[in-house]
Amino acid sequence: MSNYAISIKSVEKKGVLDEITEIITAHNINIAYLNLFIENDFKGSINIELEDVDDINLLIQDLNNLNSVYNVKIYPSQEDVFGKRVIIYGGGAQVSQVALGAITEADRHNIRGERISVDTLPVVGEKPIAEAVNALTRLPRVSVLVLAGSIMGGEIIEEIKKVKSIYDLTVFSLNMPGGVTEVSDLIVTDPIQAGVMAVMQAADTAVFDYRKLDKDNRKF
């Protein structure tokens, strides 16, 4: 069995998604991720990541038999295309330096077969950053979050705790006041080094793992 991504063009009307998911369930396939939106011509576009697919051709045939479906296309899984994600939040100057280290390190590992993407969001303020942290529960493939700012605390700390309680997320932080370092897995002073270490943590081709460090020595 294999993992696939499929894109379905459909009629835009109530009940179409139910019809599609019923067929997928009948094939005993797990839906790992689903995204849908309305295109300019008012057709529905449904993108689905599927796991444990036994017969993809039979599934496509059954989906195409639906009157509400125009066509179904198969694509490589997002995991195969983009792989793991390193997310960087915080002030613009710090984010750019963390991204410099992360992108440079990701390039080194991707040449060796990894697929690691780096996403940045220069955002400031306690509430906007807390909302961005909360949004990670709705993003696929996130491996490491790097918090790159001058001071972070309050709601941000509470959101990190919530996310880590339900999601296998590694959090690295720059060394800063505000309390966010207390809920981070690793604290790194140099932003470029923080980006490098975040990618090394995500990469299967690296030997670095912050969990091998003594808890009293997780600050650089």
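## Two sheets, step by step

Four bridges join strand E7 (residues 142-148) to strand E8 (residues 170-174), and the two strands run parallel. The model is predicted. Work through the exercises with the structure in view.

**Exercise 1. Find the bridge partner of Leu145 in E8.**

Solution.
- Start on strand E7, which covers residues 142-148.
- Cross to E8, where Val171 is the bridge partner of Leu145.

**Exercise 2. Give the strand order of the parallel sheet and name its edge strands.**

Solution.
- The sheet is open and has five strands.
- Read across, the order is E6-E5-E7-E8-E9, with parallel pairing.
- Strand E6 (116-122) and strand E9 (186-188) are the edges, as each pairs on one side only.
- Neighbouring strands here are turned by 20 degrees against each other on average, direction ignored.
- Now add a helix: H4 (residues 92-110) packs on this sheet. Helix H4 touches strand E5 (84-90), E6, E7 and E8. The direction of H4 makes about 175 degrees with that of E6.

**Exercise 3. Do the same for the antiparallel sheet.**

Solution.
- This sheet is open too, with four strands in the order E2-E3-E1-E4.
- Its pairing is antiparallel.
- E2 and strand E4 (69-75) are the edge strands; each pairs on one side only.
- Neighbouring strands are turned by 20 degrees on average, again with direction ignored.
- Helix H1 (residues 16-26) packs on the sheet. Helix H1 touches E1, E2, E3 and E4, and its direction makes about 15 degrees with that of E3.
- Helix H2 (residues 56-64) lies across E1, E3 and E4. Its run is at about 160 degrees to E4.

**Exercise 4. How many bridges pair E1 with E4, and how many pair E2 with E3?**

Solution.
- Strand E1 (residues 2-10) and E4 pair in the antiparallel sense over six bridges.
- One place to look is Ile6, whose bridge partner in E4 is Ile74.
- E2 and E3 also pair in the antiparallel sense, over eight bridges.
- Here Ile38 has Gly44 as its bridge partner in E3.
- E2 and E3 form a hairpin with five residues between them. In the turn, Phe42 has a positive phi of about 65 degrees.

**Exercise 5. Is Glu39 buried, partly exposed or exposed?**

Solution.
- Locate Glu39: the loop between strand E2 (30-38) and strand E3 (44-53).
- Recall the cut-offs: buried is under 20% relative accessible area, and exposed is over 50%.
- Glu39 has a relative accessible area of 23%, so it is partly exposed.
- Next, its contacts: leaving out residues up to four places away in sequence, Glu39 touches Lys9 and Ser45.
- Last, a distance: Glu39 and Ile56 are 17 residues apart in sequence, and 25 Å apart in space, C-alpha to C-alpha.

**Exercise 6. Describe the protein as a whole, in numbers.**

Solution.
- Count the elements: seven helices and nine strands.
- Take the extent: the C-alpha atoms fill a box of roughly 60 × 35 × 30 Å along the principal axes.
- Check burial: 45% of the 220 residues are buried.
- Consider the surface: about 11,700 Å² is exposed, and carbon and sulfur atoms supply 49% of it.
- Sort the contacts: among those with a separation of 6 or more, 72% join residues 24 or more positions apart.
- Finish with charge: there are 21 positive and 31 negative charges, and their mean positions are 3 Å apart.

Conventions:
Residues are numbered from 1 along each chain as its sequence is written. This is a predicted model: local features need pLDDT of at least 70, side-chain atom pairs count only at pLDDT 80 or more; totals for chains, interfaces and linings use all residues. Side-chain values use heavy atoms; hydrogens and water are left out. Buried means under 20% relative accessible area, exposed over 50%, partly exposed in between (1.4 Å probe, protein chains only). Contact means heavy atoms within 4.5 Å. Accessible areas come from the Shrake-Rupley method with a 1.4 Å probe; for residues, only the protein chains shown count as cover. Lys and Arg count as positive and Asp and Glu as negative; His and the chain ends are not counted. The place of a charge is taken as NZ of Lys, CZ of Arg, CG of Asp or CD of Glu. Two strands pair if DSSP finds at least two bridges between them. Axes are lines fitted to C-alpha atoms, for helices over the stretch in contact, and angles run from 0 to 180 degrees between N-to-C directions.
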